[in-house]
Amino acid sequence: MAEKQEEKILVTGATGQIGTVLTEALRGQYGINNVLATDIKKPEQDNGRFEMLDILNTQRIREVVEDHQITTVFHLAAILSASGEWNPQKTWNVNMNGLMSILELGLETTVKKVFFPSTIAVFGKTTPRINTPQHTVMTPSTVYGISKSAGELWCNYYHQRFGLDVRSVRYPGIISYQSMPGGGTTDYAVDIFHHALQHGTYSCFLEGDTRLPMMYMDDAIRATLELMAAPAENVKVRTSYNLAAMSFTPAELAAAIQKHLPDFTISYAPDERQAIAASWTESIDDQPARDDWGWNPAFDLDAMTTEMLTQLRKKYTQ
Ligand code: NAD
Ligand code: AKB
């Protein structure tokens, strides 16, 4: 408990889909004054300390870290898979150089611990598609996946060579009601709920049988906090842990929604995101995360669907 009081936390990319929810969870756990949210986008609600911070502004990041005596960084700032393909050079710059700046601060400042979110986008066409193992072939097809795959290796390097306590998970597609996703390939699994409640129909940008690993936000946040709280000696994977909860296709998600909204309809108009989705794997073996730090997801497809519809109904009727 005493240790938690002393932590000073910096969140980059805090205004994004995961950052919005993670920052609130961290404020609840560590105290509102011990968590500094940063992004290049202002938050919709002012719930605590926030500073505009471009992850490419190395000088400014150092000043912020030194001014606030930051001990732990949750480095979420990134450009995701679909948006990344519009500007590969910029995506590489933000995703790679942003991470390198944070890792360097781990050697030169008060920063002692870093969380780096990786992704199922590190996998590619040569990766085993079913029950993808922790250690496997990775030939990502997007610049986003390439940057995250390289990022994982750099995290491992800084841990092995310099002893920096860097921890990471490969999130599946994250589904949330609190915040909207930003430029990913799995975004349909959030959009569909909003369209189901507002319009009763959804045109999906992936084909109906495209199976992808997914996770409800509550599980993603809990995994992040549990990994970061685990004793260092239990964290044996220092690239990034496979993490799983459920896998489904757009057609299966639509059927789960129809159990609650029988008149809901879905159609399919695949766009360029279909090729990205097809290059990823279908299901993930996360046994090392379960063995090393006790990972266990709580939400499956039906539980997640019920919760999303319940929470969004409340939002739309407020
Ligand atoms: P998001 O796109 O919603 O949020 C990313 C945030 O980074 C945005 O608020 C954006 O403004 C910010 N950002 C972009 N460029 C920046 C810059 N130069 N300086 C500072 N901030 C900048 O993404 P998210 O879904 O919240 O993802 C957070 C992290 O988790 C990312 O690293 C992403 O790769 C990873 N991840 C997310 C998912 C998912 O399904 N949401 C899955 C796997 C991994
Ligand atoms: C995306 O679709 O790009 C993200 C991810 C799985 O990393 N949601």
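Start at threonine 185: one of its polar backbone atoms sits 2.6 Å from an oxygen atom of ligand 2. Keep in mind that this is a predicted model, and let's work outward from that contact.

Right next door in the sequence, threonine 186 joins in with its side chain, where an N or O atom is 2.8 Å from a nitrogen atom of ligand 2. Tyrosine 144 also uses its side chain, placing an N or O atom 2.7 Å from an oxygen atom of ligand 2. As for how covered the ligand ends up, ligand 2 would expose 250 Å² if taken alone, and the protein buries 93% of that.

Who else is around ligand 2? The surrounding residues are Leu80, Ser81, Thr119, Ile120, Tyr144, Gly184, Thr185, Thr186 and Trp280. Sorted by class, that shell comes out as four nonpolar and five polar residues, with no charged ones.

Now zoom out to the domains. The domain assignment splits the protein into domain 1 (2-174 + 216-242) and domain 2 (175-212 + 245-282 + 299-316). Their C-alpha centres lie 25 Å apart, and the contact between them takes 28 residues from domain 1 and 28 residues from domain 2. So where does ligand 2 sit relative to the two domains? Both domain 1 and domain 2 give residues to its shell, so ligand 2 lies between them.

Next up is ligand 1, which has 28 residues around it. Those that come nearest are Gln17, Ile18, Asp39, Tyr144 and Lys148. You have met Tyr144 already, as part of the surroundings of ligand 2.

Several backbone atoms make polar contacts with ligand 1. A backbone N or O atom of glutamine 17 lies 2.8 Å from an oxygen atom of the ligand. Just before it in the chain, glycine 16 has a polar backbone atom 3.2 Å from an oxygen atom of ligand 1, and for glycine 182 the corresponding distance is 3.3 Å. Taken alone, ligand 1 exposes 820 Å², of which the protein buries 93%.

The shell of ligand 1 has 14 nonpolar, 10 polar and four charged residues. In terms of secondary structure, helix H2 (17-30), strand S5 (113-119), helix H6 (143-162) and strand S7 (173-175) each supply at least two residues of it.

Strand S5 leads us to the sheet. It belongs to an open sheet of seven strands, in the order S3-S2-S1-S4-S5-S6-S10, with parallel pairing. At the edges stand strand S3 (50-52) and strand S10 (241-242); each has a single partner strand, so one side of each is left without a neighbour in the sheet.

For a look at one pairing, take strand S1 (residues 9-12) and strand S2 (residues 35-39), which run parallel and are joined by three bridges. Within that pair, isoleucine 9 stands opposite valine 35 in S2. Strand S2 also holds residue 39, and Asp39 is among the residues that come nearest to ligand 1.

Definitions and conventions: Residues are numbered from 1 along each chain as its sequence is written. Chains are lettered from A and ligands numbered from 1 in the order in which they are written. This is a predicted model: local features need pLDDT of at least 70, side-chain atom pairs count only at pLDDT 80 or more; totals for chains, interfaces and linings use all residues. Side-chain values use heavy atoms; hydrogens and water are left out. A residue is near a molecule or strand if one of its heavy atoms lies within 4 Å of it. A polar contact is a pair of N or O atoms within 3.5 Å; within protein, one must be able to donate a hydrogen and the other to accept it, and residues adjacent in sequence count only if both atoms are side-chain atoms. Accessible areas come from the Shrake-Rupley method with a 1.4 Å probe; for residues, only the protein chains shown count as cover. Ala, Val, Leu, Ile, Met, Phe, Trp, Tyr, Cys and Pro count as nonpolar, Asp, Glu, Lys and Arg as charged, and the others, Gly among them, as polar. Domain bounds come from an automatic or database domain assignment. Helices (H or I, at least four residues) and strands (E, at least two) are DSSP runs, numbered from the N terminus. Two strands pair if DSSP finds at least two bridges between them. Contact means heavy atoms within 4.5 Å.
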